[in-house]
Structure formats: C-alpha cells, structure tokens
Amino acid sequence: MTRDGRDSSAADVTTSRHRKLRAPREDRGVLIDPAWGALPDAVARNVALRGDWAFEVAGEPITAFAAAARAEFVAEALAYTRGYRDVTEPAGHAPLLLAGHQPELFHPGVWAKNFALSGLAAATGATAVNLVIDGDTLKAASLRVPTGSPAEPRVESVPFDAAREEIPYEERRVADAGLFASFGERAKETLRPLVTEPLLESFWPEVVRQSRATGTIGAAIARARHKLEGAWGLHTLELPQSRMCDTVHFRRFAGHLLRNLPRFTAAHNEELHAYRRRENIRSANHPVPELAQEGDWLEAPFWLWTADEPRRRHVFARRVGGEVELTDRRTTTLRLPLADDRHDDFAAALSDAARRGIRLRSRALLTTMYARVVLGDLFLHGIGGGKYDELTDAIVGRFLGVVPPEFAVVTATRRLPIAAIGANPQGDAARHDEHVARHRLWELRHHPERFVEVAALRDEASRAAAAAAVAEKERWMATEPTQETARIRCHAIRSANEALQPFLAVERARWSNIQSAGRDHARVDELLGSREFSAFLFPENDLRGFLLAIAGREG
C-alpha cells in the first residue's frame, strides 16, 4: 500500500453491481434497493469492509483519519441541529448513516429518503445525519402548482421570491420579503380547486420564521422541514454541505486529493469514459463532464466562489514547489501550502481564506465520495444519485485501490389525492380506445380498400372511381416486384390509397374524435397524476401516514 492512498497490489478492484433503477409507476409504490430487510446487513458489511482498509489519507491510516473525521462531523451536526430544534446526543461509536438532497420543496419520493434514514437508524442503533446540499444552485424561485378543474387542469408557476441570478443555496437570500411571506397563501389558493388544506398552509409560516433567523432561502426551507420531521417522530441530525466542507478533516482530505490530483484526474476521466461506453451515453456532460487539463493546470472536483461574487466557478490547480495554486480563472486565485503529508497548514490556510469570504465546496461526486469513504457506514441515495454513484464506485476503486462501500437507493411514488385521477371508468375506456383509434387511423391510411364499401356510395361516378382505385391497388399488390418495377409499384399503391381517402372522410373523422378524447384523458392523468408535485401540496394526514410507514416498514 502506498502512502498516497493507492493499493499498489490491486490490479482490478471489484466495484458495485449495476442496478436497473426505476421509480415505481403505481401510486404509493416504494423502491428500496437493497430490500429493507437486507439493509442492516449492508451496514454491517460496510463496517467490516472499513476494518480491512490499510491506505492512508493526509498522512494517517484511513481508520484513524475516518474516526476523527466522523467525530468532528457528528459534533458539527449536533451543534447545528440544536440551533433550531431539540435533539438528543447520539451514542458514541454507533454506525453512521447518511443521506442528502438540495433544500427544495421536493416531491414525496425524495422526502422518502429521510424517513427511511430515520427508520433504519432506529433499527440498527445508528446515528443518522442528512446532508443539506446547499452548494447546489436555486434555479427557479417558484413552485409548479396544479390548478383548473379535474376535467381541464393546468399547471401554474407560483413564485416564492423575486427572480435573481442562479447562485448557490448557501448564498441565496430572500430578495422580496413580501412575496416570500405571501407564497403559502397564494399557492394554497392556486391549488384550492383540486386539493384543500395542503401541508404548505401550516408549513410555510415556519419557513418564513426560519428565513428571518437564517437569511437564506435554502436554510429556511430545510430547517422548517426538519422541525416538522421531528414533530412527526423522526430522529435525525442535519448539517449543510457548506459546514461539512469547512471542517478540518474535509479540508485535510481536500489537500490529500490535490496533492494526488494527476492520479485522481486520470482515474476520474478513464472511469467516466468507461461508464459512458457501458451505458451507451453520448452526452459530454452526463453523468458529469470530464475533468479538463490545460497545460500544467488540472481541473479539480470543487466549486469556488466568493461571498461578494457568489457564482460557482470550476477550479483549476497546479503545484508550485511546496504549494498548490487554485484559480477560478476569473477573479480568484489562492496559494496554499501543500508540503506536509498531514495538510494541517493547508487546512489552516483554507480556513483563513474562508474568513475572507472565499468558498471552496465539493462537487457532487466528491461530496458522496467523502461521505461514503470517510464518514458513513451506509449512504441512502435517490435514483439519480444511485446512478451517478456507480461512477463514484469505479473512481474509488481506481484511485484508492479498494472495494467501495455499498450504498442504498430509496424512492417512492405518491400522487396528489385528486378524485378524478384513475377513478373514471369512462375515462379508462377512452384511453383504451385511443390506442385502438390510432391503429385504425393507420389502417385507413394504408389499407383503405378494406373499409370502402363501393356499393354503398351514393352516385355512380363515386362508385366507379372507388372501384377503379381498389382494382388498381389489388392489381399492383398481386404483382411480384422486380428491380425494374419496384418503385413504379410502390408509387402506384400509394396513389391508389390516396384516391380512396375522400370516400373514408366520415370514418376517419369518427376515429379521429375517439383518438382525441383518449388523448385528453391521458393528458389529464399525466398532468394530475405526476409524481413530481411538491410534497407540501399534499394534505398532511394523507402524506404523513404514507411516509411514516416507510420509516417503520418491516419488509
């Protein structure tokens, strides 16, 4: 084992299994992978796996580094959470379970992770911490809210704050206090034709109170949601990603990675290309872009911005003697000491930069890499995170030369309780008929001779024209095509089909109307039946029971 954290004897490291993950299609469906009953064993396997690791991070054996990093992390989470709700101190040396998401008004499938996290911690005697990913950006200060009627629904975007440039949640403050305060009432009124007494009605006033305490939108939403979880009986801690990145041990880990950046970049890009080939992905940005190299500058897996200029920028790094130089190639450049193995001076210099308003934050893959390799004994992802962390596993295997710890995937499907959805037998029949009508319209276009009743046509001229077109098509259909006649035969058949179309106008209109009615019903169900509507648009009693069942599920 090398001191830089690479297993020199590991030529091929087995990584995680490939999973075909799909959100449940049925209402109230829950996906947990591995199955709920297998998760305690996954925690135990990860604990045992860590005991077999022998590489070093920042000059320390990984076991010692991870133990100290975990203690610091849990202490930070406990102190942070106690700033807005009462929680008990976790037991020492307990397993640590983690999950994470952006501080959004997310849908029930995302929220399901928090309930599974608390339930699994209770079942295993573990400490549970949810990471608030405030390094991501608030893309739109509005919420999609369905309205209209069950027969003619539509979706409106209801703003909760004035539009601003896209900046990280960590920095995004409330711009229009009046608009923010009135959002709950406006969203409730928009939703009223379809759903009454949404959770948002009681939830949003707490968000407004938290916004006055924190100043930022993301922290206000996350704290209000976490307080509600506590009222519902969940026992978890929370910590923003920004606070994790400001811990001493994360900064030392960052120094370790930057010291070994050429090898990390190679592992990242090689495994990314292999992942894309395996998944047949052609996009240069999916699941993540490759890390670039420009001369002696290597792109590092961080974001960099300042409090005065809070737009995220990519980070490039290069070694300059015993220092590392970091730059966003725009306004900010840092020189940090990187000569010692432990990187204490690097962490201290980064702390000084933070006091001057400079933010260095992990990007998505690095966030979960640190959370899974250094901190936690099991990480609970949603489907998106589960897919990209297959790539993280491959990078961990290549960079550290070890089998990565397992992770779990949790999501659910809950649809707004609107009576019209899936409850109308006539609508079900119409949706079935839409499929039949689509096929019949195709037949009327391509096989019109099967439907034209020549004798039933009213006038002699029409009967003669239709009979001639049918005969012409039958003659050419009976003719075996050759290389010389194939094109002529094809054009002749098409011409005969076109000649018969005027005689089928009434029949085609009838089936077009059937198809249109089916499409309307399908559109209504697709819109009102979406699993993507915010959890806070649901009535509390409806959603609370569903989610608490996930926290206490036994199978």
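# Predicted model of a 555-residue chain

Residues 420-426 have a pLDDT (the predictor's confidence in each residue, from 0 to 100) that stays under 50, and the model gives them 10 contacts beyond four places in sequence. Contact here means heavy atoms within 4.5 Å. Residues 1-5 also stay under 50 in pLDDT, with 17 contacts beyond four places in sequence. Over the protein chain, pLDDT averages 91, and 93% of the residues score at least 70.

The model is predicted, so local features need pLDDT of at least 70 and side-chain atom pairs count only at pLDDT 80 or more, while totals for chains, interfaces and linings use all residues. Residues are numbered from 1 along each chain as its sequence is written, and side-chain values use heavy atoms, with hydrogens and water left out.

## Overall layout

The protein chain contains 17 helices and 16 strands. These are DSSP runs numbered from the N terminus, with helices (H or I) of at least four residues and strands (E) of at least two. Along the principal axes, the C-alpha atoms fill a box of roughly 100 × 60 × 50 Å. Of the 555 residues in the protein chain, 53% are buried. Buried means under 20% relative accessible area, exposed means over 50%, and partly exposed lies in between, with a 1.4 Å probe and protein chains only. Among contacts with a separation of 6 or more, 72% join residues 24 or more positions apart.

## The six-stranded sheet

An open sheet with mixed pairing is formed by six strands, in the order E1-E16-E15-E4-E5-E8. Strand E1 (29-33) and strand E8 (237-240) are at the edges; each has a single partner strand, so one side of each lacks a neighbour in the sheet. From one strand to the next, the twist averages 20 degrees.

The table lists strand pairs, including a hairpin pair. Two strands pair if DSSP finds at least two bridges between them.

| Strand pair | Sense | Bridges | Facing residues |
|---|---|---|---|
| E4 (residues 96-101) and E5 (residues 127-132) | parallel | six bridges | Leu97 and Ala128 |
| E4 and E15 | parallel | three bridges | Leu98 and Phe379 |
| E15 and E16 | parallel | three bridges | Phe379 and Phe407 |
| E6 (residues 142-148) and E7 (residues 153-159) | antiparallel | seven bridges | Leu143 and Val158 |

Strands E6 and E7 form a hairpin, with four residues between them.

In a regular strand the side chains alternate between the two faces of the sheet. In E15, Leu378 and Leu380 point one way, while Phe379 and His381 point the other way, and all are buried. Phe379 stands opposite Leu98 and also opposite Phe407 in E16.

## Helices on the sheet and helix packing

Helix H3 (residues 108-124) lies across E4, E5, E8, strand E15 (378-381) and strand E16 (407-413), and runs at about 170 degrees to E4. Helix H11 (residues 364-375) lies across E4, E5, E15 and E16, at about 150 degrees to E15. Axes are lines fitted to C-alpha atoms, for helices over the stretch in contact, and angles run from 0 to 180 degrees between N-to-C directions.

Helix H2 (residues 62-81) packs with helix H8 (residues 248-259) at an angle of about 140 degrees, and their axes are 8 Å apart. That angle makes H2 oblique to H8. Angles under 35 degrees count as roughly parallel, over 145 as roughly antiparallel, 65 to 115 as roughly perpendicular, and the rest as oblique. From H2, residues Phe65, Ala68, Ala69 and Glu72 meet Val248, His249, Arg252 and Phe253 in H8. The contact of H2 with H8 has five nonpolar, one polar and two charged residues. Here Ala, Val, Leu, Ile, Met, Phe, Trp, Tyr, Cys and Pro count as nonpolar, Asp, Glu, Lys and Arg as charged, and the others, Gly among them, as polar.

## Backbone exceptions

Most residues other than glycine have a negative phi, and most peptide bonds are trans. Asp33 and Pro34 are joined by a cis peptide bond with omega of about 0 degrees; Pro34 is in the loop between E1 and helix H1 (39-52). A cis peptide bond also joins His286 and Pro287, with omega of about -5 degrees. Pro287 is in the loop between helix H9 (261-279) and strand E9 (293-294).

Arg28, in the segment before E1, has a positive phi near 70 degrees. Arg28 is partly exposed, with a relative accessible area of 43%. His343 has a positive phi near 65 degrees and lies in the loop between strand E13 (333-337) and helix H10 (344-355). His343 counts as buried, at 0% relative accessibility.
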